[in-house]
Every structure is written in C-alpha cells, then in structure tokens.
Amino acid sequence: MSVDPAKAIKDADFVFENAPVKIVANRNSPAIDLPGTKVGPFQEGKEYEVKFWVATELKKAGIARIRMDDPLDLMMLNKIHWKEARVQASQRLTSLPEEFYPKLRRFLEELNDEAIKKPEKRADYDKAKNLSDDITRTRLKRIVSLASSPQTRQILGSLTKEERILYDYLHETISKWRTEILKPQGGDKT
C-alpha cells in the first residue's frame with residue numbers, strides 16, 4: 001500500500017473543496033464566470049448549492065454566506081475536547097463530526113485572520129489552537145497504539161478518513177518491522 005499520508009490528506013482536502021455546500025445570497029448578483037465553471041445569477045435571500053471553494057470566494061466577495069449544517073466553532077471544539085478527555089484512559093476513539101479536519105483547518109485559518117485584524121480575537125484563536133492540539137495529540141496516541149495491535153473493524157469505524165490513512169500507513173510499517181525484527185538470522189527456517 002505505502003500511501004504518502006501528506007498526499008492522501010491533500011487529496012481528501014481536494015474532495016472537501018469540491019463538495020457541494022449550501023449558500024444563501026446576501027444580495028442580488030449577476031452570473032459570474034469562474035475558471036472552468038459559471039455560477040449564478042443569485043437573488044438575495046435565496047438558497048443555492050455550489051462547490052465549497054466557490055462558496056468561499058462568494059463569501060469573500062460578500063455575495064453569499066455559507067450555510068453549514070454542522071459548523072465548527074469554539075463551542076463544538078470544546079465539546080469534542082471534553083469527549084476526548086473523558087475517554088482518555090481507554091483506547092477507544094470517539095467519532096468526530098464529518099469532515100472534521102478540513103473544517104478545523106479552515107476554522108483555525110478564519111480565527112487567525114480575524115485575530116490579525118482585531119487583536120482582541122487572539123484569545124479565541126489561541127484557545128481553538130490549544131484545543132485542536134490536544135485533540136489531535138490524544139487521537140494520535142490512540143491511533144499509534146491501535147496500529148501496533150490487532151483491532152476489530154468496529155474500533156476502526158471511529159477514525160476519520162485522514163486518521164484511517166495514518167492508521168493504515170502505521171499498521172503496515174509496524175507489521176513489516178515486527179516481521180523483520182523477529183526473523184531468524186540464518187534465514188527463514190519454517
């Protein structure tokens with residue numbers, strides 16, 4: 001298998017960027033030609049479905065706002081952190097919201113941009129960054145532990161796409177290492 005985890009994460013992020021999301025138009029706008037696609041026209045107050053990257057550009061231009069069913073915010077991050085801390089003693093992984101890591105990267109970027117413009121927002125960014133670091137560190141420890149021991153598919157079902165890529169990579173590497181480290185020196189005598 002030997003998948004490059006960094007490339008796999010970029011691939012998963014590409015899928016997220018091109019997934020459809022709902023937007024609500026903030027104002028009327030004529031059709032807009034974008035590279036490889038045309039969007040609009042938009043009527044104020046109406047809901048539309050566009051790719052996430054298009055929604056991001058429309059948001060930046062003030063044309064629309066993104067309507068997410070499960071937006072990631074500080075309250076949700078606190079809740080996830082609390083759940084992770086609660087099961088810390090066990091090797092169990094809690095389920096994360098769908099597309100957690102792509103949403104987290106964008107949430108942190110958005111908070112950082114706000115903090116640059118408004119220094120009073122720096123505390124929100126710092127809190128979110130610390131919570132994110134704790135969540136990923138806790139989950140990473142559990143993934144490494146899971147990858148080095150036999151597991152059932154049920155346990156692996158709580159992994160996100162990105163975590164599953166890491167798990168598979170580590171599991172394969174650890175299995176090869178274990179085979180080699182225990183191999184008799186005089187060759188295979190089975």
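**Entry: strands**

I began with strand β1 (residues 20–25) and strand β4 (residues 47–51), which run antiparallel and are joined by 5 bridges. This is a predicted model, in which local features need pLDDT of at least 70, side-chain atom pairs count only at pLDDT 80 or more, and totals for chains, interfaces and linings use all residues. Residues are numbered from 1 along each chain as its sequence is written, and side-chain values use heavy atoms, with hydrogens and water left out. I noted the rule for pairing: DSSP must find at least two bridges between two strands. Strands (E, at least two residues) and helices (H or I, at least four) are DSSP runs, numbered from the N terminus.

I then looked up β1 with strand β5 (residues 64–67): they pair antiparallel over 4 bridges. Which partners does V24 have? In β4 I found E47, and in β5 I found R65.

**Entry: aromatic rings**

I found 3 aromatic pairs (Phe, Tyr or Trp rings, the last by its six-membered ring, with centres within 6.5 Å; planes under 30 degrees apart are stacked, over 60 edge-to-face, the rest tilted). F16 and F52 form a tilted pair, because their planes stand at 45°, with ring centres 4.8 Å apart. F16 sits in helix α1 (residues 5–17) and F52 in helix α2 (residues 52–60), so I was looking at distant parts of the chain, 36 residues apart.

Are these rings buried or exposed? F16 is buried at 7% relative accessibility (buried is under 20% relative accessible area, exposed over 50%, partly exposed in between; 1.4 Å probe, protein chains only). F52 is buried too, at 6%.

Next I checked F100 and Y101: the ring centres are 5.1 Å apart and the planes are at 75°, so this pair is edge-to-face. F100 is buried at 3%, and Y101 is buried at 12%.
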